[in-house]
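Here is a friendly walk through one protein model, going from a single residue out to the whole chain. Keep the viewer open as you read.

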Amino acid sequence: MAKSSVLGYPRIGADREWKKALEAFWAGKLEEQELHRQLREIRLNHLRKQQAKGIDLIPVNDFTYYDHVLDTAVMFGIVPKRFPYAGGAVPLPTYYGIARGTKDAAASEMTKWFNTNYHYIVPELHDAEPVLTENRPLQAYREAKEKLGIEGKPVILGPLTFLKLSKGYAVGDTDRWLERLLPLYVRVLEELAAEGVRWVQLDEPVLVTKLSAGDLQRLAAAYRTMTAAVPSLNVMLQTYFESIDSYREVIALPVQGIGLDFVHGAEGNLASIRSIGFPDDKVLGAGVIDGRGIWRAELGDKLALLEELRGLVSSERLIVQSSCSLLHVPVSTERETELPAELREALAFADEKLGEIALLSKALREGAAAVAEELKRAEASLLPLKTSAVRNRTDVRQAVAAAMTAVEPKRSKPFAERHAAQQARWKLPLFPTTTIGSFPQSAEVRKARQLWRKGEWNDAQYATFIREQIDAWVKLQEEIGLDVLVHGEFERTDMVEFFGEKLEGFAFTRHGWVQSYGSRCVKPPIIYGDVAFREAMTVEETVYAQSLTDRPVKGMLTGPITILNWSFVRDDLSREQVAYQLAYALRQEVEALEKSGIGMIQVDEPAVREGLPLHASEHEAYLAWAVKAFRMTTCTVEDTTQIHTHMCYCEFHDMIDSIEAMDADVISIETSRSHGEMIRSFEDNTYRLGIGLGVYDIHSPRIPAVREMTDMIDRALRVLDPKLFWINPDCGLKTRGREETVESLRHMVEAAKLARAKY
Ligand code: GLN
Ligand code: ZN
């Protein structure tokens, strides 16, 4: 009989109680015992919810004290050498030390979990032999069984994915590392089997990326070794986030179940299963409910899909499940009573998704007629949004379509001509100095915003306060000697939320938090309708700042791709189309700024790379429309208006052509933490537009010496054209203190002067 399952449940709790417990512990306000107690409560509560919804295979060991990749590393005793560790179960202070750093040792690197906004701690392999320090999956299984009578499904990060996500080993070392790790995996599984565990979920999301023939052989050997050791245990080899690349090889693995994503990558997986079939000795984990999106499913369509799959694998061999762990969506829509009704009705967060999964598996077991009422109700909840005015604005659709087709979105002159015209207008010195936009959001700034949000300050009071901040910082920037100034972004909490609140088509939840990394949670806006410009969003502050100085003030906007990638997005329209709507709306802001006399406008795009599809074959198409959206935002300005953009550090080496195609007059890129890699990526490329590679790290309060910055400049100028080079910090300064900011910028201006004398 078809069963239901979930791949993982959010850790943070409906009120972010998980985050609060962690942070209280770190602040020394919670004893370790109390932390354990509180987290156990949260964990059990999550299991109870899944039990109550009737999920058959409930995941255990998906919970964590920080991050599941780090959990896997410490389970195998993999602790970077700079942390004290004497063997055995890794103590909590060491565990958190690796994640967050201590006063003596830097934290391990953190990076994006595939193409999601979740970040994991990168395991650092080194020469010490890995050992099994404790069997965490077994502990989690026992707890669920003893406390709640739940026959849990332990979730374990699989060996190949674990290795691929780690650093500290050379490519040629893969075999040696598998040899070391596999006996430990086998022991974990043997102990689970001895305990009577029926299903275990081994996560191998790396299977959705391109693997070499050698890696596929290693994978097969590894799973042969593991499953041969535990004949009584059912292993679900779980993939997600895309279709798998090597379907034939994967279905030939000696496992009892294979979990596929039928939401993200549905086409590829469906095509494989239709044409190649599915082995009749295996169970299919059908990930039909979107674990990453926030929308209620079209249950009728899902049921049709499941019926088709059942035809291929039979009922006993089908598990209805989420496409990936639910950790990527908020906990529940229940308390979102302030959202427009038609929107709230159309949402399904983690708890609602449990209901959908249970319902679909019931439909498969008892026939669609048994759930006809519920299906009808679910369908009816989607209708009001589908037919709503916000989603169907012909004015927006027509305007965007017209803007897209009128002319190829392109500046009227090539860069060289614009550059000359802009130089004639601004007469900037060699190596102009500037900042990325935000200045310190001091306690005072946050306090003022709170007072205003609570209604204790009226709009005028708040506006006066913002103006005072702008006054002070314009004066400071002049004094420091910066060439291009900014207003400081004091009125913004978050670079996406700020614009989302002012554009049409957005909504904001009250409790819709998701984990970004460790205890850090974000509350992404929801793009639920057609996006449209309402009124100028940044003109007032920018024009005010410009009125205070003769130096140019850069206007500051967040770009369409970043807004898209940091929001939950409607799924009835392609992301490309939503990007164009955003671009068209933002273009109107660009034009409004220009009309008000602002001659330099920065459109930030730190998140372009985050949207890159997992399959390399799709990169080109994505980058093409991302570039087009940026150009659409910026193409209508005069030649003498200078368009800037900014990106934070990530690997750009394979994207430089696309960055160039964005055709921004000046780009600033975070550089200093990349240890020269960023500069190297420009070596074989001839980037021909204005560029500033960040000359100092803004993530630390440390004030860099002038010398460090001149070194950075010298290195960059070995590969970049001095005439096009700008000098700026790595990123915005909103998290920094005032003193360190001023001092660091003084050093930066000094470094620019030295560079001008030298080049
Ligand atoms: N203009 C923004 C700022 O300075 C850019 C932030 C970012 O790139 N993440 O804060
Ligand atoms: Zn940045």
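Which residues does Glu489 touch, not counting residues up to four places away in sequence? In this predicted model, they are Gly437, Ser438, Met556 and Lys734. Two residues are in contact if their C-beta atoms, placed from the backbone, lie within 7 Å.

A word on conventions before going on. Residues are numbered from 1 along each chain as its sequence is written, while chains are lettered from A and ligands numbered from 1 in the order in which they are written. Because the model is predicted, local features need pLDDT of at least 70 and side-chain atom pairs count only at pLDDT 80 or more, whereas totals for chains, interfaces and linings use all residues.

**The annotated binding site**

An unreviewed UniProt entry gives the annotation "binding site" to Ile436, Gly437, Ser438, Glu489 and Asp604. These residues span 169 residues in sequence, yet no two of their C-alpha atoms are more than 12.9 Å apart, so they gather at one spot. UniProt positions are given in the numbering used here, feature names are shortened, and annotations may be inferred rather than shown by experiment.

Three of these residues can be set side by side. A residue is buried if 20 or more other C-beta atoms lie within 10 Å of its own, exposed if 12 or fewer, and partly exposed in between, with C-beta atoms placed from the backbone.

| Residue | C-beta neighbours within 10 Å | State |
|---|---|---|
| Gly437 | 25 C-beta atoms | Gly437 is buried |
| Ser438 | 21 C-beta atoms | Ser438 is buried |
| Glu489 | 24 C-beta atoms | Glu489 is buried |

Where do they sit along the chain? Ser438 is in the loop between helix H16 (415-426) and helix H17 (443-453), and Gly437 lies in the loop between H16 and H17 too. Glu489 belongs to the loop between H18 and helix H19 (497-502). Helices (H or I, at least four residues) and strands (E, at least two) are DSSP runs, numbered from the N terminus.

Setting aside residues up to four places away in sequence, Ser438 touches Gly488, Glu489, Gly732, Leu733 and Lys734. On the same terms, Gly437 touches Val486, Glu489, Met556, Gln602 and Gly732.

**Around the ligand**

Ligand 1 has 13 residues around it, and the closest are Ile436, Gly437, Ser438, Pro606 and Gly732. A residue counts as near if its C-beta atom, placed from the backbone, lies within 6 Å of the molecule. This shell is made up of six nonpolar, four polar and three charged residues. Here Ala, Val, Leu, Ile, Met, Phe, Trp, Tyr, Cys and Pro count as nonpolar, Asp, Glu, Lys and Arg as charged, and the others, Gly among them, as polar.

**Helix H20**

In helix H20 (residues 539-547), Glu541, Thr542, Ala545 and Gln546 are buried. They cover an arc of only 135° around the axis, which puts them on the same side of H20; the arc is that of the directions from the helix axis to the C-beta atoms. An α-helix has 3.6 residues a turn, so residues three or four places apart point the same way. The cover over the buried residues of H20 includes helix H18 (459-480), strand E15 (554-558) and helix H22 (575-595).

Val543 also lies in helix H20, but Val543 is partly exposed, with 18 other C-beta atoms within 10 Å. Leaving aside neighbours within four places in sequence, Val543 is in contact with Ser596, Gly597 and Ile598. The C-alpha atoms of Val543 and Ser596 are separated by 7.0 Å, although these residues are 53 residues apart along the chain.

**The whole chain**

The chain has 27 helices and 20 strands. Buried residues make up 49% of its 759 residues. Along the principal axes, the C-alpha atoms fill a box of roughly 75 × 60 × 50 Å.
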